[in-house]
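Reader: Got a minute to go through this one with me? Please spell out the cut-offs as we go.

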Amino acid sequence: MKWLTNFLVSSLGRKLIMSLTGLFLCLFLVVHMLGNLQLFVDSGETFNAYAYTMTHNPLIKLISYGNYFFILLHAIQGIAIYLYNKKARGSEKYAGKEKSKTAASTSSRNMAIFGSLIFFFIAVHMAQFWGKMHFTDMPVDALGHKDLYLIVSEAFQQEWVVIFYLLGLVALAFHLMHGFWSAFQSLGLSHKKYSPIIRAVGMAYAILIPLGFAAMPIYFYVLPMMK
Amino acid sequence: MAHDEINLTLNVWRQSALNRKGGYKQYKVRVNTHMSFLEMLDVLNEQLISSKDADGPVAFEHDCREGICGACSLVINGRPHGPMQGTTTCQLHMRHFKEGEVIYIEPYRAKAFPVMKDLVVDRSSFDRIIQSGGYISVNTGGTPDGNAIPVEKDQSETAMDAAACIGCGACVAACPNAAAMLFTSAKVSHLALLPQGQVESQTRVKRMVAQMDKEGFGLCSNVGACEAECPKEISIDNIARMNRNYFGAILSSND
Amino acid sequence: MKKFDANIPEGPLAEKWTRYRGTMPLVAPNNKRNIEVIVVGTGLAGASAAATLGELGYKVKAFCFHDSPRRAHSIAAQGGINAAKNYQNDGDSVYRLFYDTVKGGDYRSREANVHRLAEVSTDIIDQCAAQGVPFAREYGGTLANRSFGGVQVSRTFYARGQTGQQLLIGAYSALSRQISLGTVEMYNRHEMLDLVVADGKARGIIARNLISGKLERFAAHSVVLATGGYGNVYYLSTNAMASNVTASWTAHKRGAYFANPCYCQIHPTCIPVSGDYQSKLTLMSESLRNDGRVWVPKSMDDVKAIRTGAKKPKDLAEEDRDYYLERIYPAFGNLVPRDVASRAAKNVCDEDRGVGATGLAVYLDFAAAIVRYGKSSALSEGIANPSMEEIKKLGRAVVESKYGNLFEMYEKITGENPYYTPMRIYPAVHYTMGGLWVDYNLETSVPGLFAAGECNFSDHGANRLGASALMQGLADGYFVLPYTIGTFLSKEIRTPKISTDLPEFAAAEKNVGDRIKQLLSINGTRSVESFHRELGVKIMWEHCGMARNAEGLTKALGEIKKLRKKFWEEVYVPHTDKNGEEFNPELEKALRVADFMEMGELMIRDALNRNESCGGHFREESVEQDGEQKGEAKRNDKDYMYVAAWEFTGVDSEPILNKEDLTFNDIELKTRSYK
């Protein structure tokens, strides 16, 4: 078993953890977004029923605990790597300020910053909805499900919440612009023919997923004005 | 050639020895635009010698001045080997600089490359990475005929692309994480791509990665600055290849 | 001191080496473990020797003054490495490689050594391929070859334009492996400054730790020097900045004879000097002469117009150009050997027909090749009636595929694009055929001191053929020295570990320490660089360069003595520690230049003594007076068919000339003609 622990603390082992957890979270984002699109279906019945299933199905519950674990692992490992790298770089910074021209420079050079912002965002986001859903008494809808729809629509009528969510999604977009492709590179999945495709898919993913999420706060913010 | 001579202001890192406090000193030079960057430093050093400057001439590493030995280093205005792509400092010429320009000249910065004096850093960590496995274990003599093992042309060319590494360390200097993955992976790739090197490729990649970690280099986050600054334009595809070989070796080898 | 004997084994030429190897005394493995060998230098010869000796079981200490063994200047070799593999089925053989090398060296090399070199050449390729050297390959996966100057077969193996780099990395990786196995102890950033001779045998070295500046003693049963050539005597050369003669020179001072110091190779295709600030010269591979045409303008008016920039070279009409190599040497044209091409360039520049701002350059023009290749490309791509522009575009692509990296390097350095305007080139010092005298075992005249690679004199005679330097370095290091060193070490198995407390070590250390203190105490006004430049450019290049004569050489002898005196009175070596115990690159340079000052004198003496023209050594007094060869170099086999092995007697006293007569039993002596 020594080989396994040695591997997991090696540079490439740690990168593998970042890559695999990252890819899992990418998958989660897709599911999460598609599920949440049910907000647009009717005035809450479908969405609330979905939320009920998500919190009561034992299999889904198990996956969601895995998900929380991966978020934490990804974040903690990420911060640890950031600190380790900072030490490896040394305290003296370059006084010359030119930077080399690379693809996705802003996002790749600031993964830790965007990641931290996202982590903070997730904490607030979960306190706001997940926490309420699990730990507080909530109004119920016509079908007797907890009315998460109501909580969501009310929350997104506040300007600061919308701005906070949009900023969080911008951070997510930047994080994904590098992160998606980077996960494949870390796994060693690189090929002259296929890498450009992965990069393009990654870029599309990094834009479409946050856009899909952004549609929700905007929708609920704009909805009352339309009426 | 309007400006055959230009005036420059140089901010040069001066440090008397290992672990001493260093700092930037400013110097003015007037140089010919046909000079190489190192010849410009020669001019500066002649000035410092003739004025018997207290700090003495600037120490910097250089040797072949043809872009192949890998001795020259320097971070010029924040970029290892300066602004020109695919060019070592010794092949960078002053015609790429403007009259009156202010230039920062600094040593590579990485914990695994301690500054020995002025612009000279200790890159022996690279040697130790190679010693850990960057070779094919054959003794002299008794090898098969050169044509006994055919090597596919494309494969051989890709190996050559990786083997072109000059071990200058620009990849580490450019990397925001001070990672040495481009260097290590170039050697791993060069040997793994050749049938002769395939035989011990699993042991090799494991040992080289372990040594790289031991030296205190950072972890790659796929920024790609190494590839952009590499004077031999070595691709980060090599890093992916190393990762792949490493995972394969960990999973399938017996130890 | 041992007998001055080349120790050439008996028997027919082709069997000497095999027979000798089979009867040579060996050292048993259990004894090897107790025998120490010092190897100085980690270029092709040094790294391969250290690695192989380590594999054999000796305890090896290897030294280099760089931060890593991989930086040695072998790395800069571009073109390739010769080997008599006959993979091309074009009639190559060991004998043909031997013959070409002896002839190319103008019959001034030792037959038996050259034949051995040709024999082991084939093993080198096998060894390097097994090490993972990415040689160029054909589509079928077999090794590719190209041709080089002076020969009629295709026997040069290559790895793009970086053959030296790839071979050195191969040797460096073999060395690294031995370091990791503990058989070789590596000392980076250590420069050898003296040889320790005890009881008449080489027993160690004094090296300066370049970081701490402290002198350190290292003892061994035997010492191998693989420290390269001395081309930097000329200040400007294609050698690396730090390449120096110090190790060989201190060995010479301790009793090793220096052979044929005047034999320097001047390479015809280098990027010319552009100003006084120039620190070194860059080679453009010989392979360019396959397609480039060398010319200067015919009329002085055009020369002047070009120099001032009033006319562009590409606008000059064909009939106004003098393709002088094609004119003088119609049989070989632009592909005459290096020495001939260099002298021809010098001659047209002496006529003041040189181009460029300094007037010291000739054109190497690819316009004709571009059109030729373009036409054939258009044909094969089925383009009917292509325009001239289309043809040139296609042609440039072909030229790029052949020489792209060289063209790019030229453009980086000069800022001119050689696809559109001819390159400017001029000869420059490139390689030194002379070096420490060694016998067949590569042992110098100091018992136990061996010399391998460029730092010995043995294989190239008076001129080296292209792609042969890499071959010799690796032959010596992998396949010759590791065996022949046994002839000495087999007698040393009862010698216990050598102690560094011997009085000879103390004396040598003091000798070096005193020299350093003296240099640092001068505190004069002139930089080391300025002395080096004066030595190289004003004395050596001027009087002991491409063409030499008695008058100039005699004058140079006086000047070099004066300059040396001035150096020891006026040089300023910046320092903070008066014993030099600090990291001080200026001091390193000063010590090297101090030795160049002494070495230069020996070169001049040798050139003065050798009143004949052979290979790279051209005496203006010795030229053909009439006939077809009129004006060409004239060899004098009657009086000078010997190796001049100089014995040191003191810095300011005349050296003793020992002669090793050369005999050629297997080859007929001919005049080299390329007309």
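Author: Sure, a definition to begin. Strands are DSSP runs of E with at least two residues, helices are runs of H or I with at least four, and both are numbered from the N terminus. Two strands pair if DSSP finds at least two bridges between them.

Reader: How many bridges join β7 of chain C to β8(C)?

Author: Five, and the strands run antiparallel; β7(C) covers residues 201-209. Ile206(C) sits opposite Arg217(C) of β8(C). The two strands make a hairpin with five residues between them, and Gly213(C) in the turn has a positive phi of about 80°.

Reader: And the sheet order?

Author: β6-β7-β8 in chain C, an open, antiparallel sheet of three strands. β6 (190-198) and β8 (215-219) of chain C each have a single partner strand, so one side of each lacks a neighbour in the sheet.

Reader: Before we switch, what's the model's status?

Author: This is a predicted model: local features need pLDDT of at least 70, side-chain atom pairs need 80 or more, and totals for chains, interfaces and linings use all residues. Residues are numbered from 1 along each chain as its sequence is written, chains are lettered from A and ligands numbered from 1 in the order written, and side-chain values use heavy atoms, without hydrogens and water.

Reader: Now A against B. How many residues does each chain give to the contact?

Author: Chain A gives 36 and chain B 46, with contact meaning heavy atoms within 4.5 Å.

Reader: How many salt bridges?

Author: Zero between chain A and chain B, counting a side-chain nitrogen of Lys or Arg within 4 Å of a carboxyl oxygen of Asp or Glu.
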